[in-house]
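Biologist: I should like to examine a single part of this model closely. Please begin with the sequence and the structure.

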Amino acid sequence: MSACADQELLLGGLVDGELDAAHTAIVEAHVARCEGCREELERLEALRNLLKSDGVRHAAPDSLKARIATHPELAPRAANENRLPNWLAPGLAGAVAASLALVTFLPAASSSVVEEQLVSSHVRSLQPGHLTDVQTTSQHIVKPWFNGRIDFAPPVPELADVGFPLAGGRLDSINGKTVAAIVYHRRLHTVNLFVWRDDGSLEKATVEDGFAINEWSSGGLRFAAVSDLGPAELKLFRQEFQRATGPS
Amino acid sequence: MRQRIGHELVKTFSLMRFATLRPTSASSVTALPSPSDAELAHNFQRTILPHLDGAYSLARYLTRDPVLSEDVVQDAVLRAYRAFGQFRGESPRAWLFAIVRNCCRSAQPGTSGRVTLVADPEAAFGDQADPALTPEQEAQRQDEISGVRSAIEAIPEPFREAVVLRDLEELSYAEIAQVTGVPMGTVMSRLARGRAMLAKELLPTKETESEQSRSVK
């Protein structure tokens with residue numbers, strides 16, 4: 001038993017509620033006396049229910065939402081800054097000069113600038129083709145790659161066995177310094193670990209624009225992990241990283 | 001033979017009802033005074049961004065690549081934002097989806113330059129887990145969902161696109177015609193064919209034989 005060929009599109013239209021009253025009446029009358037079309041209608045309805053099951057439709061991942069929320073062109077705050085009316089520009093220049101002066105004379109205040117740059121570097125790195133200059137899952141390729149490009153040797157442990165596979169490395173720039181960026185993955189998320197030379201001692205975890213940042217110092221190097229992972233998972237990353245690189 | 005009947009049927013249809021459903025062309029609408037950038041950004045966030053899940057789901061089913069889909073949707077949202085000044089309030093969802101679809105067409109798999117990771121099932125479904133189910137039931141449900149997803153991914157693109165837009169995103173025929181740039185009649189026949197393929201794959205096969213005899217005819 002099968003549906004009548006000339007009714008196929010009409011049955012679809014009926015299931016979709018896209019028929020006008022006259023056609024609905026015609027098709028319903030036909031279905032009432034045609035077993036094949038009745039079965040076909042039931043199949044269409046069963047299929048529709050199956051396709052509508054929760055989870056069949058994909059939801060936008062948090063990383064995508066974060067990329068869009070922090071995109072300089074899309075975030076309204078950034079959009080306003082970029083398209084200031086002309087009369088405001090001189091005032092803004094003054095404000096920038098003033099805040100620069102603040103940053104220069106109050107070193108403590110500069111840390112939030114660093115965090116902003118960490119986040120924007122992280123977001124930029126997620127653009128197509130920007131994530132890694134050396135793309136490999138082997139620590140023995142990433143580590144030597146940094147030689148000659150920077151004047152320090154960042155530790156590059158392999159963390160795949162604890163759920164953070166190494167994806168590669170690249171050079172980046174934070175606060176005017178050239179830094180090493182080591183890239184790890186966690187499921188579909190990306191962790192950028194920025195490493196640069198810094199004698200200070202610092203330990204902190206913050207959230208900036210929805211991105212978790214975890215910073216620490218070790219052996220004359222400053223480490224800053226940035227990711228759209230939750231702060232707890234990023235802390236786990238730090239613990240695993242420190243465990244793998246050993247106490248120093 | 002079937003083709004011809006279908007064609008004539010569709011012709012009658014468009015005369016009867018669908019003519020009134022055609023999306024209004026932008027030129028026939030009086031241009032509104034151009035709003036400020038902040039207003040534009042605000043309107044964009046309010047009208048377009050709520051459809052981000054749908055845009056991503058569409059991209060996932062069109063490209064079948066999770067990493068590429070993120071790039072494609074970000075690109076599409078940017079383009080939508082830049083063109084938002086010209087948007088004249090038809091269906092914002094259909095408008096965004098049309099841009100996503102174009103971006104999917106120009107994106108080539110493998111050009112993202114990034115490592116494509118195999119999504120682990122926990123990450124894919126974890127956020128939708130139903131706490132009322134036992135672990136076995138949950139595993140079975142996820143198997144079922146994976147089955148439906150792969151079946152959709154397996155059918156050819158024009159049919160896949162129509163089914164995803166209608167049955168997952170619940171767009172009207174008129175909106176699907178707008179997104180895919182084909183006449184309403186084509187939308188209807190693509191939907192019918194796509195659904196027939198999926199039904200064969202996903203529903204109990206008591207009708208397999210008659211299904212075959214029909215396609216021979």
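Biologist: How many contacts beyond four places in sequence does the model have for residues 111-124 of chain B, where pLDDT stays under 50? Please take chain B as the part to be examined and describe its helices as well.

Modeller: Chains are lettered from A and ligands numbered from 1 in the order in which they are written, and residues are numbered from 1 along each chain as its sequence is written. This is a predicted model, in which local features need pLDDT of at least 70 and side-chain atom pairs count only at pLDDT 80 or more, whereas totals for chains, interfaces and linings use all residues.

For residues 111-124 of chain B, the model has 21 contacts beyond four places in sequence. Two residues are in contact if their C-beta atoms, placed from the backbone, lie within 7 Å. The pLDDT, which is the predictor's confidence in each residue on a scale from 0 to 100, stays under 50 throughout this stretch.

For chain B as a whole, the mean pLDDT is 76, with 66% of its residues reaching 70 or more. Among the elements of the chain, α8(B) has the highest mean pLDDT, 96, and helix α1, residues 2-16, the lowest, 45. Helices here are DSSP runs (H or I, at least four residues), numbered from the N terminus. Residues 1-33 of chain B have pLDDT below 50, and this stretch has 28 contacts in the model beyond near neighbours in sequence. The model scores are ipTM 0.72 and pTM 0.53.

Helix α4 of chain B, residues 66-83, has 18 residues. From its first C-alpha to its last, α4(B) reaches 26 Å, close to the 26 Å expected at 1.5 Å a residue; the expected span is 1.5 Å times one less than the number of residues. Of the 18 residues of α4(B), 13 are buried, and the helix is mostly covered. A residue is buried if 20 or more other C-beta atoms, placed from the backbone, lie within 10 Å of its own.

Helix α5 of chain B, residues 92-106, has 15 residues and reaches 22 Å between its first and last C-alpha, close to the expected 21 Å. Its buried residues are B:Arg93, B:Ala94, B:Trp95, B:Leu96, B:Phe97, B:Ile99, B:Val100, B:Arg101, B:Cys103 and B:Cys104. Their cover includes α4 of chain B, together with α3 (52-63), α8 (157-168) and α9 (173-180) of that chain. Thus α8(B), the element of chain B with the highest mean pLDDT, is among the helices that cover the buried residues of α5(B).

Terms used:
Helix = DSSP H or I, 4+ residues; strand = E, 2+ residues; numbered from the N terminus. Buried ≥ 20, exposed ≤ 12 C-beta atoms within 10 Å, placed from the backbone.
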